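User: Could you walk me through how to read a few features of a protein model, starting with packed helices? I would like the general idea before each case.

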Amino acid sequence: MQFRILFYFILIFTLLCGISHAENCENLKQQAEQGSAEAQFQLGLRYNNGACGSINYNEAFRWFKKSATQGNGAGQNALGVLYAHGMGVEKNLTTAAEWYKKSAENGYPNGQGNYAEALLLGQGVKQDNQEALKWCRKSVEHDSSNGQFLMGYMYKNGIGVPQDDIEAIKWFSKSAQQNDIDAMYHLACMYMNGEGVTRNLQEAATWYEKAAIKGHPLAQCNLGEMYKDGNGVPQNYEKAAELFKASADNGNIESSYYLGIMYEYGYGVNKDQTKAINYYTTAANHDHSESQCCLGYIYLEIKNFAEAYKWFKKSSEHGNSRAQYNLGIMYIKGDGIQKDMKEGERLLKLAADQGDKSAQEVLKDSYFTKQQ
């Protein structure tokens, strides 16, 4: 597990509740300058979230540090977040973990959850599942959504506790009810797969949508697939394309592949080969073998044999049977490359061994049967 999406937005989603908009920044700054640790923390929040004008991480860091050094648990946790993500200060996971620990020991629930996560990931501190579990349990005693998510994650994967899908879904549900975006996504996945609960595609779609609205790229992609296939929701190519676009814009490679398909065949969008190539290429450059194969098909169709060869070769090296078949045929025919029957046969056999019917049929040709 990498740093959670929510982790980056801790200050917005779990600390923002502390902001009282009745207090203006000037009054709060006066209190902070007079040494109030709570006012320093609240002022830091405002600078972090742009409530005192534009977002200013440097000022946020300055005030969080003043609050943290006075022993304010919320300020210590907030300072840890800035160190963890390099906002207003050079990124330092070790220093982040140290401040999380201080916050946790001060009894601040989100600090306990973040310190548990650092321990679980071994980010800035020695990885320790049992210590992570200890701080998780302290965190959930105070109804921390971050801690609840981590408890769900640990039960789902059997980390520090026996694997238990029923316990996992219980904790993911608690966290999702508090709008934890990753908990929503994992809860949807469990409903989708019938893990710890009766399979319920409608419930899965509901939770994917909640997470998708908040910008979770995997939820956007999975919900897009559901709309593309009419699985648990009415089939809607336009909605699927919108979700894939949002997900791809958030860096999801699988969604770039799906957008390539949508634009290549005109599902929910106007057919556009150039856009299809662009989206396939984005995914292909991240070693997505299906996208590489799709590019090979497009370039073969327009007789750009050099590009077709390039992408079929990359895809076949990842074990894609369709790419192996097409590359094999290129060698047999000598399409844009030197004819090589032995290499063609080798590739066809690789594809056939994976069950590719076309390759199996070609290998029945008398030329190949005579070679055996």
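Analyst: Happy to! Keep in mind that this is a predicted model. Two packed helices are described by the angle between their axes and the distance between the axes. Here, helix α4 (residues 37-49) packs with helix α5 (residues 57-69) at an angle of about 165°, and their axes are 8 Å apart.

User: How do I turn the angle between α4 and α5 into a word for their relative direction?

Analyst: Angles over 145 degrees count as roughly antiparallel. With about 165° between them, α4 is therefore roughly antiparallel to α5. The handedness is a separate descriptor, and α4 and α5 cross in a left-handed way.

User: Which residues make the contact between α4 and α5?

Analyst: From α4 come Ala37, Gln40, Phe41, Leu43, Gly44, Leu45, Tyr47 and Asn48, and from α5 come Tyr57, Glu59, Ala60, Trp63, Phe64, Lys66 and Ser67. Sorted by character, the residues of this α4 and α5 contact are nine nonpolar, four polar and two charged.

User: Can we try another pair, and what are the angle and distance for α11 and α12?

Analyst: The axes of α11 and α12 come within 8 Å and cross at roughly 140°. Antiparallel needs an angle over 145 degrees, so α11 is oblique to α12. The crossing of α11 past α12 is left-handed.

User: And what does the contact of α11 with α12 consist of?

Analyst: On the α11 side you will find Asp165, Ala168, Ile169, Phe172, Ser173, Ser175 and Ala176, and on the α12 side Ala183, Met184, His186, Leu187, Met190 and Tyr191. These residues divide into nine nonpolar, three polar and one charged.

User: What sits in the loop between α11 and α12?

Analyst: Asn179 is one residue to look at in the loop between α11 (165-177) and α12 (181-193). Its phi is near 70°, which is positive in a residue other than glycine. Asn179 counts as partly exposed, at 43% relative accessibility.

User: Where else can I look for a positive phi outside glycine?

Analyst: Try Lys303, whose phi is about 60° although the residue is not a glycine. Lys303 lies in the loop between α18 (289-301) and α19 (305-317). Relative accessibility is 62% for Lys303, so this residue counts as exposed.

User: Let's move on to disulfides. How many does the structure hold?

Analyst: The general idea is to look for a pair of cysteine sulfur atoms within 2.5 Å. The structure holds one disulfide. Cys25 and Cys52 form it, with sulfur atoms 1.9 Å apart. The angle about the S-S bond is -100°, and the link of Cys25 and Cys52 is left-handed.

User: What does the pair of Cys25 and Cys52 tie together?

Analyst: Cys25 lies in helix α3 (residues 25-33), while Cys52 is in the loop between α4 and α5, so the disulfide joins parts that are 27 residues apart in sequence. Cys52 is partly exposed, with a relative accessible area of 24%.

User: How far is Cys294 from the nearest cysteine sulfur?

Analyst: That sulfur belongs to Cys293 and is 6.0 Å away; Cys294 is in no disulfide. At 9% relative accessibility, Cys294 counts as buried. Cys136 is also worth a look: this residue counts as buried at 1% relative accessibility.

User: To finish, how would I read single residues inside helices, and is Ser256 buried or exposed?

Analyst: A handy habit is to take the position, the accessibility and the contacts in turn. Ser256 is found in helix α16 (residues 253-265). Relative accessibility is 3% there, so Ser256 counts as buried. Leaving aside neighbours within four places in sequence, Ser256 is in contact with Ala248, Tyr279, Tyr280, Thr282 and Ala283.

User: What about Glu290, and which residues does it touch?

Analyst: Glu290 lies in helix α18 and counts as partly exposed at 27% relative accessibility. Not counting residues up to four places away in sequence, Glu290 touches Tyr257, Asn320 and Arg322. For a sense of span, Glu290 and Asn27 are 263 residues apart in sequence and 58 Å apart in space, C-alpha to C-alpha.

Definitions and conventions:
Residues numbered from 1 in each chain as written. Predicted model: local features only at pLDDT ≥ 70, side-chain atom pairs only at ≥ 80, totals over all residues. Heavy atoms only, no water. Axes fitted to C-alpha atoms, helices over the stretch in contact; angles between N-to-C directions. Helix = DSSP H or I, 4+ residues; strand = E, 2+ residues; numbered from the N terminus. Parallel < 35°, antiparallel > 145°, perpendicular 65-115°, else oblique. Left-handed = near helix turned anticlockwise from the far one by under 90°. Contact = heavy atoms within 4.5 Å. Nonpolar A, V, L, I, M, F, W, Y, C, P; charged D, E, K, R; others polar. Buried < 20%, exposed > 50% of the residue type's maximum accessible area, 1.4 Å probe, protein only.
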